[in-house]
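Let's take a walk through this fold, one piece at a time. Keep the structure open beside you as you read.

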Amino acid sequence: MTPELSTDFSTSPVAIKTVFPAGEPLRAPASSLDGMVTGPIELGGRHLASRYFLAPLAGYTHLAFRRVIREIGGVGLCTTDLVQASHLVSGTRWARELVQTHPSDQPLTVQIYGGQVRHMVAAARWLEDHGYQAIDINMGCPMAKMTGSGGGARLMCNGDGACQLVGEVVRAVKLPVSVKMRLGWDRSRLTAPLLAEEFEQLGVCAITIHGRTRQQGFTGDVSLDGIRAVVEAVKSIPVVGNGDVRTAADAIRMRRETGCAAVAIGRGALMDPWIFRRIALAEAGDDSAVDFTPTPTEQVDFLRRHFELMVEQHGEYLSCRNFRKFAAWYGARLGIPEDLEDRLRKFESVAEFAEIAAQIEDRHGTRTEPLPTALIRTPNGPVEYW
Ligand SMILES: Cc1cc2nc3c(=O)[nH]c(=O)nc-3n(C[C@H](O)[C@H](O)[C@H](O)COP(=O)(O)O)c2cc1C
């Protein structure tokens with residue numbers, strides 16, 4: 001099947017929030033929840049307590065982050081960072097570390113990518129043999145490293161190839177298989193609805209749709225119309241909407257305007273690790289969602305816990321280096337004074353981290369800059385050079 005190209009559904013662009021939503025009301029008006037299905041969701045035979053999921057963010061959504069986010073509560077499903085299928089099977093250290101999990105890290109889906117059917121099938125079988133619960137196929141990554149080998153978003157340009165790959169992975173295992181994709185390669189090739197329809201027939205259990213094209217990268221409008229077109233294309237499987245959800249109100253609006261059954265949140269969870277809890281409160285009609293703020297102790301404990309879990313998995317040296325990039329994200333939300341955020345960007349040891357955390361506790365809230373000092377690093381410049 002080669003999907004017919006071009007359905008322009010980008011008629012109502014949605015403003016993107018790229019800044020920290022400090023002080024913004026976090027709860028949608030109760031009326032906006034009317035008639036909307038809330039609470040648990042069934043996905044590929046799994047009963048998920050919430051329909052708000054953590055979207056994979058390579059380099060960020062590692063085991064420690066997933067565990068600490070789950071401890072806050074409200075997240076229905078986490079997915080690993082994308083893992084190269086061939087590396088998973090051949091057993092490279094990095095690929096195996098990416099799929100490391102823990103009894104508290106449930107429910108979990110492992111995301112694999114690759115352009116070769118045999119690698120993807122072998123990786124799916126490996127995951128089944130090793131007790132994992134579910135597999136997600138990456139069809140959205142815009143990076144040349146993935147698309148060059150025919151994987152990631154490139155698969156969306158080749159309807160027959162994508163269907164063959166998905167069909168063979170689904171047939172190879174008993175585990176539920178889902179697909180995460182974009183609207184298409186660019187505005188002239190919006191293949192997502194047609195592919196979603198085909199993938200459903202091939203037996204995938206869900207589709208996650210990031211409401212941008214590959215051409216857009218990570219900026220530009222998220223098209224709720226585009227997400228809705230995918231929702232309308234499938235018969236009964238859940239569609240998970242994704243893109244630029246930063247507040248509970250954003251999540252509820254995405255569900256209301258697209259009809260998607262669930263929402264995946266990536267960068268919004270880095271900016272606000274309590275976002276899933278806020279959404280749960282909002283859905284429960286709890287007025288405290290509007291003003292809900294974790295106490296200073298909860299905020300510093302979150303920081304300490306995330307780092308502690310990283311050290312548990314990776315040891316001191318790597319954890320210090322890998323934790324630094326979170327400083328810019330956590331600084332504003334966790335009330336970290338600017339000079340201490342700066343120290344978090346370059347600390348060298350567990351002892352130094354403990355000293356910085358103690359100072360954050362003492363001087364919590366004395367920060368003057370309410371916005372994050374840096375946004376997540378995404379590729380920029382012409383998309384052809386990524
Ligand atoms: C740094 C970064 C890493 C990402 N890694 C992955 C990945 O491993 N797998 C994937 O399917 N999407 C990945 N994405 C895309 C996100 O899952 C998500 O679709 C996108 O960021 C839009 O959602 P958001 O605005 O909630 O972050 C990544 C995005 C960013 C910014």
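What follows starts with one strand, moves through its neighbours and two helices, and ends at the ligand. Bear in mind that this is a predicted model.

Let's begin with Tyr52, which sits in strand β4 (residues 52-54). Is Tyr52 buried or exposed? With 28 other C-beta atoms within 10 Å, Tyr52 is buried, because 20 such atoms are enough to count. Set aside the neighbours within four places in sequence, and the contacts of Tyr52 are Gly74, Val75, Gly76, Ala251, Ala262, Val263, Ile265, Phe276 and Ile279. If you trace back along the chain to Ile41, you have gone eleven residues from Tyr52, and the two C-alpha atoms are 9.6 Å apart in space.

Some of those contacts belong to strand β13 (residues 262-265), including Ala262, Val263 and Ile265. β4 and β13 run parallel, joined by three bridges, and Val263 in β13 is the residue that stands opposite Tyr52. Val263 also has Gly241 opposite it; strand β12 (residues 239-242) is parallel to β13 and pairs with it over three bridges. Now look at the side chains of β13. In a regular strand, side chains alternate between the two faces of the sheet. In β13, Ala262 and Ala264 point one way while Val263 and Ile265 point the other, and all of them are buried.

Next, have a look at strand β7 (residues 108-113). Five of its six residues are buried, so β7 is largely enclosed by the rest of the structure. Which strands pair with β7? Strand β5 (residues 78-79) does, in the parallel sense and over two bridges, with Cys78 opposite Leu108. Strand β6 (residues 83-84) is also parallel to β7, again with two bridges, and here Gln84 stands opposite Tyr113. Then there is β8, which pairs with β7 over three bridges, parallel once more; Ile112 has Ile137 in β8 as its bridge partner.

β8 leads us on to helix α6 (residues 159-172), since β8 (135-139) is part of what covers the buried residues of that helix. The cover also includes α4 (117-129), β9 (177-184) and α7 (192-202). First, a quick check on the geometry of α6. Its 14 residues, at 1.5 Å a residue, should span 20 Å, and the C-alpha atoms at its ends are indeed 20 Å apart, so the two agree. The buried residues of α6 are Ala162, Leu165, Val166, Val169 and Val170. Viewed down the helix axis, they fall within an arc of 125 degrees, which means they line one face of α6. Turned away from that buried side is a face with the exposed residues Asp160 and Arg171.

Helix α8 (residues 224-233) gives us another case to look at. Eight of its ten residues are buried, so the rest of the structure largely encloses this helix. Those buried residues are Leu224, Gly226, Ile227, Arg228, Ala229, Val230, Val231 and Ala233. Notice that Arg228 is on that list.

Finally, let's turn to the ligand. Which residues come nearest to it? There are 24 residues around the ligand, and the nearest are Ala55, Ala58, Leu82, Gly266 and Arg267. As for the character of this shell, ten of its residues are nonpolar, ten are polar and four are charged.

Definitions and conventions
Residues numbered from 1 in each chain as written. Predicted model: local features only at pLDDT ≥ 70, side-chain atom pairs only at ≥ 80, totals over all residues. Near = placed C-beta within 6 Å. Nonpolar A, V, L, I, M, F, W, Y, C, P; charged D, E, K, R; others polar. Helix = DSSP H or I, 4+ residues; strand = E, 2+ residues; numbered from the N terminus. Expected span 1.5 Å × (residues − 1). Buried ≥ 20, exposed ≤ 12 C-beta atoms within 10 Å, placed from the backbone. Arc of directions from axis to C-beta. Contact = placed C-beta atoms within 7 Å. Pairing = 2+ DSSP bridges.
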